[in-house]
Amino acid sequence: MTNHTDQQGLPDSEQPINPFQASSGLDEATHSTLDGKQLNPWFSMMSDPRTTVRQLVDTSPTRYVLLLAALGGISANLVASAIGLVNEPSDRMIFLVVAALLGGCFGLASLFVMGWAFAIAGWSLGGVARALQCRTAMAWSQVPFCWLLPLFAGVAIYCALRGPDLLVLVEADGVNDEPYWDYPSWLRGALGLSVVASIWQIALLAQSLGEVHQFSSLRGLAIVFLAGILVGTVTIVGYVPLSILLSSLA
């Protein structure tokens, strides 16, 4: 049997451990996946995003990516449009359809734009992920909104059907001297749930980006903010000259 040795003549099993040696990039999440554990990403993403994303990146990085981006965008935009649907006196169903279409288009567009932004921001911090892997992380972080899509769609459809009739008359109290119209409590609850889902989505995204870039979740959160700053800066830099050009042509 061959006994491997290093340049100093020491067997591999007797090599001293260097506590300052850089990690190989395979953390516990990676090892648990390589051991043969197959996860259902629709469920495991919400509780173990790092292991789930590593499995997806290693096996099928494009799996359901476009679908998740579109569904996540539709879900978020539908619940956000609920207030507008309640205040809209007419053409509410058209408003609803347009909101769903715009949400899906925005979800797909942001997938590719932010995919590159997450990759560039990660490289600036020493990350290794490509845009493809960042898109995988971003798309699957939309799972909470995908699961909530039936609820948010139901809320939006009900608001479109009822419109201003959903407003509740609140009697005068110690704070307000006159009665006023307010939104029902269940609608406020749905909007609050969307805020919770957004925070959850950002947490999943930070952990997923940390996994694909092979560093901590905290640095993954930094990537989220850096990418937002990058896209915002590019948008402003491009918008100002364009607006000046259009103004000169008008």
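1. Helix 11 has 33 residues and should span 48 Å at 1.5 Å a residue, and its end C-alpha atoms are 48 Å apart, so the two values agree. The expected span is 1.5 Å times one less than the number of residues. Helices are DSSP runs (H or I, at least four residues) numbered from the N terminus.

2. This is a predicted model, in which local features need pLDDT of at least 70 and side-chain atom pairs count only at pLDDT 80 or more, while totals for chains, interfaces and linings use all residues. Residues are numbered from 1 along each chain, and side-chain values use heavy atoms, without hydrogens and water.

3. In helix 11, G220, I223, V224 and A227 are buried (under 20% relative accessible area, 1.4 Å probe, protein chains only). The buried residues of this helix pack against helix 6 and helix 10.

4. The largest nonpolar core (buried Ala, Val, Leu, Ile, Met, Phe, Trp, Tyr and Cys residues joined through side-chain atoms within 4.5 Å) has 30 residues, and F118, L209 and V212 have the most contacts inside it. Among the helices that each supply at least two of its residues are helix 6 (92–124), helix 10 (185–212) and helix 11 (217–249).

5. Which residues does F118 touch, not counting those up to four places away in sequence? They are C134, M138, L205, L209, H213, I223, V224 and A227, where contact means heavy atoms within 4.5 Å.

Notes: Buried means under 20% relative accessible area, exposed over 50%, partly exposed in between (1.4 Å probe, protein chains only).
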